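Trainee: I would like a close look at a single part of this model. Please take the sheet in one chain and go through what surrounds it.

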There are 2 protein chains.
Amino acid sequence: MRELVKAFKALSDETRLRILNLLLERECCVCEVMQALDISQTRASRNLSALYDAGFLKLRKDGLWSLYSIDQEGMKEYLPYLVDAVRKALEGNEVVALDRGRLRKAERVGPGCGQQAMK
Amino acid sequence: MRELVKAFKALSDETRLRILNLLLERECCVCEVMQALDISQTRASRNLSALYDAGFLKLRKDGLWSLYSIDQEGMKEYLPYLVDAVRKALEGNEVVALDRGRLRKAERVGPGCGQQAMK
DNA sequence: AAGCTATAAGCGAAAATGCGCATATAAGCT
DNA sequence: AGCTTATATGCGCATTTTCGCTTATAGCTT
């Protein structure tokens, strides 16, 4: 769960999506990412790290360069959850109408839904 | 793009994933969500709103209740991007080795990669 | 009408996030 | 060795997010 949240968090940033999009085309060093997207070195490096930590990227060092690329294996790990949740939703496992009666006063354990002890 | 970021942002929170998971089973009112997940009313309401704003949920009012459920249509909207990006990644459009030579001094436009004017 | 109930929203505090600046580290070049 | 370059990271600040407390709103119930 925590992993999944982390993955989504990594995807919920425009810069990182742009980076991901760039890397979908080809492997890049921090340097290229920063040039291609016209962002600072710090920003490129930090966001690449974030994507890496989330398991989206693979890192290969070559001399001075840190070469990042999409990590197909990493993707495979979290993907099932994501796709599964989405597929279920799309299939629309018939939304069952609830017997809302069980929420009424009589059946409530504590102060019922109303957690607020109104004055 | 902004929409996609928003969608991912909505998914990058444990509470919201739990809510989504609950709603995948059945339509629920704020009340039920808050009981099922043992969270405050404010928290349930706010996070449901977030998911709703991101286009994941459908809202149906019935008397006092706000009944939320997965919005299959909404899902369909952003899904293509998501699935597409992921699919591309998994297919692994052959990572092309770059001619890193183009990064070398001679070809650089400005101060090259090195944006930092070192002392 | 009076009171209760489910939900939303304003406000403020705490926590998380993003990022620039400066610096550290490591590797290549001369 | 000394300089240059690519990348990572500590620090601090600004912005955003989260969430509880409180209150407003609207729809039941009696």
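Mentor: The sheet of chain A comes next, followed by the helices that pack on it.

This is a predicted model, in which local features need pLDDT of at least 70 and side-chain atom pairs count only at pLDDT 80 or more, while totals for chains, interfaces and linings use all residues. Residues are numbered from 1 along each chain as its sequence is written, chains are lettered from A and ligands numbered from 1 in the order written, and side-chain values use heavy atoms, without hydrogens and water.

Chain A has five helices and three strands (DSSP runs numbered from the N terminus: helices are H or I with at least four residues, strands are E with at least two). Read from the N terminus, the order is α-α-β-α-α-β-β-α. Of the 119 residues in chain A, 43% are buried (under 20% relative accessible area, with over 50% exposed and partly exposed in between; 1.4 Å probe, protein chains only).

The three strands make an open, antiparallel sheet in the order β1-β3-β2 of chain A (strands pair if DSSP finds at least two bridges between them). The edges are β1(A), residues 28-29, and β2(A), residues 57-62, each pairing on one side only. Six bridges join β2(A) to β3(A), residues 65-70, in the antiparallel sense. Within that stretch, Lys58(A) has Ser69(A) in β3(A) as its bridge partner.

Helix α2(A) packs on this sheet and touches β1, β2 and β3 of chain A (contact means heavy atoms within 4.5 Å). The direction of α2(A) makes about 90° with that of β3(A) (axes are lines fitted to C-alpha atoms, for helices over the stretch in contact, and angles between N-to-C directions run from 0 to 180 degrees). Helix α4(A) also packs on the sheet, touching β2 and β3 of chain A, at about 125° to β2(A).

These helices also pack against each other: α2(A), residues 14-25, and α4(A), residues 41-53, have axes 10 Å apart and an angle of about 80°. That makes α2(A) roughly perpendicular to α4(A) (65 to 115 degrees; under 35 is roughly parallel, over 145 roughly antiparallel, the rest oblique). On the α2(A) side, the residues in contact include Ile19(A), Leu20(A) and Leu23(A); on the α4(A) side, they include Asn47(A), Leu48(A) and Leu51(A). The residues of this contact divide into seven nonpolar, two polar and two charged.

Methods:
Ala, Val, Leu, Ile, Met, Phe, Trp, Tyr, Cys and Pro count as nonpolar, Asp, Glu, Lys and Arg as charged, and the others, Gly among them, as polar.
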